[in-house]
Amino acid sequence: MEMKPLTRVILGLVCLLVAIWLVAPTLVVVPMSFNGNKSLAFPPQGFSWQWYQNFLTNPDWSSSFLNSLKVASIVAVLATVLGTLAAFGLDRMKARPANLLRMLMLTPMVVPGVVLAIGIYAVYLDARLVGTLVGFVLAHTILALPFVLIAVSASLEVFDRRLETAAASLGAGALTTFRTVTMPLILPGMLSGLLFAFATSFDEIVVSLFITNPYLKTLPVQIFSSITRDADPTVAAVGTILLCATTILIGGGMLLLGREPKGRQ
Amino acid sequence: MSALEPTTPSAPNRAGWAWRPYALTLPALLLLVAVIGYPLLTIVLRSLSEPQWGVQNYIWFFGAPVNLTVLQRTFVISAWVTVVCAACAYPYAYLMTAVGPRVRLILVLCVLIPFWVSGVVRTLSWVILLQDSGVINSLLRSAGFDGIRLIRTQTGVVIGMAQVLLPFMILPLYSVMKGIDLRLMRAAQSLGARPSRAFFTVYLPLSLPGVYAGAIIVFILALGFYITPALLGGPRSTMLSTLVQTQVLSLLQWGRGGAMGVVLLVTTFVLLALAAPVMRSRYREAERR
């Protein structure tokens, strides 16, 4: 589209502002995490590592962190297995039932969090699942499932099914075909589903707030209650750690993805 | 497992394996019924049966002015968030289609990074930025201005929510804009249209499906927001989700909380159902043109 230079400059400036608005606000946790005082007021006073120490030594923080890791790891595996199976089934179905079932399986993405949360809470109260590992895993798995389904379905769409026929015609059994032909080719989809599922569970807060109890808290629940209770800069330290971890993960993932095509050729 | 399902017409037992795909989806469906279907059903039933059978909870909900104020406010805040998102996303998504691959990668990263940063942490940073002793107010004060109240106001809630939801607007917009043939603009200009006229009569209508898609997603997600309004909002910016939570956890009024939840749920699905055909026909229209 032809544009006047002035329009160009304005467009560039607006987009720069939007980009800053998207990325910059989160970075504010970094200076706050080295605060010398127990306060979240800006600007931070002094310098200290004490909030990082607190995160590592205070059992409230370290146990909730370990809980989140545990739940998210189980959820990632469970959701990836269930989601891949489902994506396969949908891929091999007739279009009409497949679309219907797919829509059904994507509903967890659009049901308002609180409505789902009170529903699950009600059922968990009866089933004695409040504050249990099983309870967290089940709830998070269903919330993570749509992401796995989308990722694996996308890679199945470009998968050439004749390869399976070829493998079968050469005498490979169903499982061998899946293990040696199909799975390696849809692996990128499964891996990104796994990552999404982990992130979904690790970050889930609304349902977690309802099904938590003092014996089992996840990290987001601990962060939320810390923010609402007092101005403890430990939340900023945790935020900084999460920010670094995410950056390393995404950076590493991008490097891997960037290298992959070359490795294949 | 999939290879067992015959992929060639000559396979002899095609009919015998027809149930197989359904069996593969069964575990996921069972979990869906147990952890989504059954709980939602429970809430609907409780809204109709507690304290006794009937629609009293719904009559209460629509009869109390407080609830209607909050309902209206939920819609107004969501609408504002949608408008802010659309206004920011439109130029941004356009620029994504207009720049070279390297700048585009940076722009895409700026959209995706917030997706990956923990939602609670992002809301925390908005608390730090917007609070009375926060970044914005201390900058204002050091520049000699009076501080302004941002936290516990609707403005603060809208700012925080729009930032979280902006990627959901940018991505569908970008995917639609990417498909627009820019030669149409050149054709319009060669026929004598000024750039602004060419934009409003050619480009804007073609990009509208993306705006609709993004707006619907953002609006629906905004309706159900809970964490951001809870942390950034105050009593005068309570949204429906917070009210549901108060009824259930603080007042143990499962019937009333359930009724509110059902209202929220039904609104969401009605909007989705209304939007689906509109979006589909718009897409088709765009394709045909």
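This note goes through chain B of a predicted model, from its helices to its core and its contact with chain A.

1. The secondary structure of chain B comes to 12 helices and 0 strands, so that, read from the N terminus, each element in the run is an α element. Of the 289 residues in chain B, 43% are buried, and among the contacts that join residues at least 6 apart in sequence, 73% link residues at least 24 apart.

2. Helix H3 of chain B, which covers residues 65-98, has 34 residues and reaches 49 Å from its first C-alpha to its last, close to the 50 Å expected at 1.5 Å a residue. Within H3(B) there is nevertheless a kink of about 30 degrees at Ala89(B), shortly before the proline Pro91(B).

3. The largest nonpolar core has 153 residues, and those with the most contacts inside it are Ile120(A), Leu165(B) and Val218(B). Helix H7 of chain B, residues 154-178, gives the most to this core, with 16 residues.

4. Which residues is Val218(B) in contact with, leaving aside its neighbours within four places in sequence? They are Val81(B), Thr82(B), Cys85(B), Leu165(B), Phe168(B) and Met169(B).

5. The contact between the two chains takes 73 residues from chain B and 75 residues from chain A. On the side of chain B that touches chain A, the largest share, 16 residues, comes from helix H1, residues 20-49, and the residues of this side divide into 51 nonpolar, 19 polar and 3 charged.

Methods: Residues are numbered from 1 along each chain as its sequence is written. Chains are lettered from A and ligands numbered from 1 in the order in which they are written. This is a predicted model: local features need pLDDT of at least 70, side-chain atom pairs count only at pLDDT 80 or more; totals for chains, interfaces and linings use all residues. A nonpolar core is a set of buried Ala, Val, Leu, Ile, Met, Phe, Trp, Tyr and Cys residues joined through C-beta atoms within 7 Å. A residue is buried if 20 or more other C-beta atoms lie within 10 Å of its own, exposed if 12 or fewer, and partly exposed in between; C-beta atoms are placed from the backbone. Helices (H or I, at least four residues) and strands (E, at least two) are DSSP runs, numbered from the N terminus. Two residues are in contact if their C-beta atoms, placed from the backbone, lie within 7 Å. The expected span of a helix is 1.5 Å times one less than its number of residues. The bend at a residue is the angle between axes fitted to the seven residues ending there and the seven starting there. Ala, Val, Leu, Ile, Met, Phe, Trp, Tyr, Cys and Pro count as nonpolar, Asp, Glu, Lys and Arg as charged, and the others, Gly among them, as polar.
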